[in-house]
Amino acid sequence: MSATNSLSTEDLGSTAQRDRRKRILDATYELASEGGFDAVQMRAVAEAAEVALGTLYRYFPSKIHLLVSALGRQFESAESSLVTRPVPGDTPAERVIWVLKRTSRGLQGDPHLTEALTRAFMFADASVANEIHAVGMSMTSILTHAMDPERSTEVTEDDVAIARVIGDVWLSALVAWVTGRSTAAETAAHMETAVRMLLRD
């Protein structure tokens, strides 16, 4: 494990370590919800999570690693919730639009947190590649499931490619909303247009 990578749940061998990681991410969510990106300071996170600052840096080498990992946990939670229930809609486009709107409403319901997580994703560089990859994998899984919830065959390369493009548009739309360049309604309309173009029935 490189010192420039965050420690994922799979990297942690003990229950105590996994619990410590969870406390760190919980503290991150709380601080971000209160004050957005600027409120998430490593020392403040360490104090709120009741861990030493050095321990925090062993788990997450930087604030960006920490926040992108927190974003990853958000999408993992959404993925777990969505893949275990029926997705409304008669076509792939309708189902994907429903999933995007549902998830976006959840993110927009906590604007400070979403601002912090989205800005971190924007600022991430190559050192955060593993964390970015985890976010992308969850997004792709969410979208390919929505495209075909009763899938009886393997996900195809075309399915993955379409899901990745939709995911890119989704994140771009969230960035536009976070930075005040579009309203929530405009964000939803932009995503719906992209989905219907990519998933023509």
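Axes here are lines fitted to C-alpha atoms, for helices over the stretch in contact, and angles between them run from 0 to 180 degrees between N-to-C directions. The model described in this report is predicted.

## Two helix crossings

Helix α1 covers residues 15-35 and helix α6 covers residues 111-123. Their axes come within 6 Å and cross at roughly 110 degrees. Angles from 65 to 115 degrees count as roughly perpendicular, so α1 is roughly perpendicular to α6. The crossing in which α1 passes α6 is right-handed. On the α1 side, the contact is made by Tyr29, Ala32, Ser33, Glu34 and Gly35. On the α6 side, His112, Leu113 and Ala116 take part. Sorted by class, the residues of this contact are four nonpolar, three polar and one charged.

A second crossing involves α4 and α5, whose axes come within 12 Å and cross at roughly 135 degrees. That angle makes α4 oblique to α5. Here too the handedness can be stated: α4 passes α5 in a right-handed crossing. From α4, the contact uses Gln74, Phe75, Ser81 and Leu82. From α5, it uses Trp98, Val99, Arg102, Thr103 and Leu107. The contact of α4 with α5 has five nonpolar, three polar and one charged residues.

## Helix lengths

The length of a helix can be checked against the rise of 1.5 Å a residue. The table sets the expected span beside the distance between the end C-alpha atoms.

| Helix | Residues in helix | Expected span | End C-alpha distance |
|---|---|---|---|
| α5 | 17 residues | 24 Å | 24 Å |
| α7 | 19 residues | 27 Å | 26 Å |
| α8 | 22 residues | 32 Å | 31 Å |

For α5, the end C-alpha distance agrees with the expected span. The values for α7 agree as well, and so do those for α8. Just after α8, Gly180 takes a positive phi of about 80 degrees.

## Buried residues of α5 and α7

Which residues of α5 are buried? They are Ala93, Arg95, Val96, Ile97, Val99, Leu100, Thr103, Ser104, Leu107 and Gln108. An α-helix has 3.6 residues a turn, so residues three or four places apart point the same way. Among the buried residues of α5 are Val96, Leu100, Thr103 and Leu107. The elements that cover the buried residues of α5 include α4 (63-82), α6, α7 (129-147), α8 (157-178) and α9 (184-198). Val99, Thr103 and Leu107 are on the list of buried residues, and these three residues also take part in the contact with α4.

In α7, the buried residues are Glu131, Val135, Ser138, Met139, Thr140, Ile142, Leu143, Thr144, His145, Ala146 and Met147. Against which helices do the buried residues of α7 pack? They pack against α4, α5, α6 and α8.

## Single residues in helices

Glu94 belongs to helix α5. Is Glu94 buried or partly exposed? Its relative accessibility is 33%, so Glu94 counts as partly exposed. Apart from neighbours within four places in sequence, Glu94 is in contact with Pro88 and Gly89. Glu94 and Leu199 are 105 residues apart along the chain, and their C-alpha atoms are separated by 9.2 Å.

Tyr57 is placed in helix α3. With a relative accessibility of 38%, Tyr57 counts as partly exposed. Tyr57 and Val83 are 26 residues apart in sequence, and their C-alpha atoms are 33 Å apart in space.

## Single residues in loops

Glu50 lies in the loop between α2 (42-49) and α3 (53-59). The phi of Glu50 is near 60 degrees, which is a positive value in a residue other than glycine. Exposed means over 50% relative accessible area, and Glu50, at 69% relative accessibility, therefore counts as exposed.

The loop between α7 and α8 holds Glu154. At 70% relative accessibility, Glu154 also counts as exposed. From Glu154 to Met191 there are 37 residues in sequence and 26 Å in space, C-alpha to C-alpha.

Ser127 is found in the loop between α6 and α7. At 27% relative accessibility, Ser127 counts as partly exposed. Ser127 and Thr140 are 13 residues apart in sequence and 21 Å apart in space, C-alpha to C-alpha. Thr140 is one of the buried residues of α7.

Conventions: Residues numbered from 1 in each chain as written. Predicted model: local features only at pLDDT ≥ 70, side-chain atom pairs only at ≥ 80, totals over all residues. Heavy atoms only, no water. Helix = DSSP H or I, 4+ residues; strand = E, 2+ residues; numbered from the N terminus. Parallel < 35°, antiparallel > 145°, perpendicular 65-115°, else oblique. Left-handed = near helix turned anticlockwise from the far one by under 90°. Contact = heavy atoms within 4.5 Å. Nonpolar A, V, L, I, M, F, W, Y, C, P; charged D, E, K, R; others polar. Expected span 1.5 Å × (residues − 1). Buried < 20%, exposed > 50% of the residue type's maximum accessible area, 1.4 Å probe, protein only.
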